[in-house]
Structures are given as structure tokens and as C-alpha cells.
Amino acid sequence: MGFSGPDKLVRLQITLFRRIVSCNHTGRFASLRSSNNKEMTQMNIKQTMKKILSIITALFIGNFLFIIISLSFKTQLMALIPNPNIHSFVAQVITALLATVSVLMFHKTNIYKFNGKVLKEGFFTGLPLIITYTVLLLGSLTDLPGKQLIPAIEIVCVVLEWFLIGIAEESVFRGVVYELCSDIFGSSSRKGVYLTILVSSVIFGLCHLTNLMAPGISVKAVVVQVVSAMALGLLLAAIKYRSGGSIWPMVFIHALIDGSSFISGGMLWGGTQVSSINDLKLSNLLMIPIFIGIAVFIMRKEKTPELK
């Protein structure tokens, strides 16, 4: 049965009304969705800026604060502790404590977890570094015969200093900075973990520029140190990821690295940290592709299947 003229008009009006209502709802929903997306974007930006500010704060407390204090009161501190090796040891004790404060402040104490599985994985993954720097350290000891060693108490301070530097720098860079970068970039995706490793390593390297403030330092040596530290940071961060987040394997490796550097720089027979840095040469940069290659090998997909 057909529709009359008025019936057709009514039907057309109803259809048109339904389309208008549908369009209004669609537009309202689209506007609401756009508003929610904008709010989420703004919230993400705020969270990211908060994390970046946290990284800066952690670096200030754990790395720069004592440098500023020691430079501001250099004369008074040297008068209080005139022996350079004991002075340096005390400085590292304070720096390690400040680094630990930054860990506690940002609730990243998970980096201090200590168990057999973590240590086994960390030390096994870092075995190439452990072997390399143990050999270098023992090789440096061949220079001992004929040298006038510093007093025994100072030797103890120098050796303990290796581990204190490891605790301080690993707490800050593979600890708080790494974890905060992970909060920004994500910890479940391969891209997020790689960015975390890269950014935290670049920050680690750049922070060695503070050594330029040391009297008698070689600018070229510091540049070599900065670039080398970035590459080493990549490897240490990769080991940290594979070891389940604990920094203790890296503390030990870091101590070995500093130990071999300090001994080759003559710190057991009167040398200083400045002399050990000035011993760095362009040939040290040959380690960079090795560090990067080992880091890539450690993070290969077969060993990190959990990353998407």
C-alpha cells in the first residue's frame, strides 16, 4: 500500500529528525572524546615534567651537592683534613651517603635488593667486564716493584674509595636516574627500555664534565672520559636490566674499573685522581665499540623475550 502526500511528508520529517539527533550525539561524543584526549595529553606532559624535575633533583643531591660544598669551602676542608687520600675518602663517604638519600627520597630502594639469583645473573652477564678489568688491575700492579708506597691507612682508604665511588655513582645513575627514565619511557616495551638505557647513559657521561673543575686536569682527557663513560654506561645499564634491577653487580664492576684506573695512575705511590684521569688517551676510545657491542649482545631478543 502506498503513502499519501501528507504521510510521505511526516515520514520524511521523522527521518530527518532522527538524522539530526544522531549527528548531534555523534558530534557531542566526538567533542567529549577530544576533550578527554586533551586532558590525558596534558596529564602525561605534567607527569613527564615531574619525572624530569625529579631526575635533576636526584643529580643535584647525589652528584652535584657535595661538589658545590667542597668548592665553596675548599680551604677550610683541606685545613680540616690535609692528607689528600684521606680527604678524598671522606668526600666519597659523604657522596655515597647523599646518593643513598636520593634513592630513599624517590623510593627506589628496589635497586638495593640482594639475593643469589640477582647476583648470579648480574655477575655472569658482566663477566667480560670483570675479566677484562681484573686483568688490567693485576697488570697495573706490576709497576709496584721499586715504588715508594703510601702509608697502609691511605692504601685502605684508596681501595675503599673504589667501592664508595661505585655505590655513589651506581645508586644515582643506574639507580634513581635509570628508574625515573624507565617511568618516563616505559619498562615493558623494547623501545622504552632502550631509551631508558640510552638516556641514563648519556646523563652519566655528561656528568663527568664536572671533572673539568679539578686543578691541573687535561681537557682532552676529560672529553675521552665523558665519551667512554657514555659507552660504559650503556653496558652497565644493560647488565642492570638483565640482573633484575639490582645495582650490586655494577658496584663491583665499577670498583674494578676505578681500581685499575687508580693504580695505573699511581695512586698507591703518590698519584692522584687527576693524574689517573690525565692518563686517559685517545686510544681508550677503542673500548667504545666493544662496550656497545657487548651491550647489544646482552640485550638481544633471545635473552629479552619479555620486551615487546
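This report walks through the fold, the surface and the salt bridges of one protein chain.

## Overall fold

The model is predicted. The protein chain has 11 helices and 0 strands. Read along the sequence, its pattern is α-α-α-α-α-α-α-α-α-α-α. The protein chain holds 308 residues, and buried ones make up 40% of them.

Contacts reach far along the sequence. Among contacts with a separation of 6 or more, 81% join residues 24 or more positions apart. The exposed area of the protein chain is about 17,100 Å². Carbon and sulfur atoms supply 70% of that area.

## A nonpolar patch

Which residues form a nonpolar patch on the surface? They are Leu198, Val202, Leu206, Leu209, Leu212, Val219, Val223 and Val227. Together they have about 610 Å² of accessible area. Two elements each give two or more residues to the patch: α7 (190–206) and α8 (219–242).

Valine 227 is one of the patch residues. Valine 227 lies in helix α8. Its relative accessibility is 35%, so valine 227 counts as partly exposed. Patch residues need over 30% relative accessible area, and valine 227 has 35%.

## Salt bridges

Side chains of opposite charge can pair when their charged atoms come close. In this model the count comes to 5 salt bridges. The table shows three, including two that share aspartate 183.

| Pair | N to O distance | Places | Separation in sequence |
|---|---|---|---|
| Aspartate 183 and lysine 51 | 3.4 Å | helix α6 and helix α1 | 132 residues |
| Aspartate 183 and lysine 108 | 3.0 Å | helix α6 and the loop between α3 and α4 | 75 residues |
| Arginine 242 and glutamate 121 | 3.0 Å | helix α8 and helix α4 | 121 residues |

Start with aspartate 183. Lys51, Lys108 and Asp183 are linked in a network of salt bridges. One salt bridge joins aspartate 183 to lysine 51. This pair links distant parts of the chain, with aspartate 183 in helix α6 (residues 152–185) and lysine 51 in helix α1 (residues 5–72). Another salt bridge joins aspartate 183 to lysine 108. Lysine 108 lies in the loop between α3 (84–105) and α4 (116–125), so this pair ties together parts that are 75 residues apart in sequence.

Is lysine 108 buried or exposed? Lysine 108 is buried, because its relative accessible area is 12% and buried means under 20%. Aspartate 183 is partly exposed, with a relative accessible area of 38%. Lysine 51 is also partly exposed, at 24%.

Now take arginine 242. Its side chain meets that of glutamate 121 in a salt bridge. Arginine 242 lies in helix α8 and glutamate 121 in helix α4, so the pair ties together parts that are 121 residues apart in sequence. Arginine 242 is buried, with a relative accessible area of 16%. Glutamate 121 is partly exposed, with a relative accessible area of 27%.

Helix α8 thus appears in two places in this report. It gives two or more residues to the nonpolar patch, and arginine 242 lies in it.

## A positive phi

Most residues other than glycine have a negative phi. Histidine 107 is not a glycine, yet its phi is positive, at about 55°.

Where is histidine 107? Its place is in the loop between α3 and α4. Lysine 108 lies in the loop between α3 and α4 as well. Histidine 107 has 67% relative accessibility, so it counts as exposed. Lysine 108, by contrast, is buried.

Notes:
Residues are numbered from 1 along each chain as its sequence is written. This is a predicted model: local features need pLDDT of at least 70, side-chain atom pairs count only at pLDDT 80 or more; totals for chains, interfaces and linings use all residues. Side-chain values use heavy atoms; hydrogens and water are left out. Helices (H or I, at least four residues) and strands (E, at least two) are DSSP runs, numbered from the N terminus. Buried means under 20% relative accessible area, exposed over 50%, partly exposed in between (1.4 Å probe, protein chains only). Contact means heavy atoms within 4.5 Å. Accessible areas come from the Shrake-Rupley method with a 1.4 Å probe; for residues, only the protein chains shown count as cover. Patches are made of residues with over 30% relative accessible area and no salt bridge: like charges are joined within 9 Å, nonpolar side chains (Val, Leu, Ile, Met, Phe, Trp, Tyr) within 5 Å. A salt bridge is a side-chain nitrogen of Lys or Arg within 4 Å of a carboxyl oxygen of Asp or Glu.
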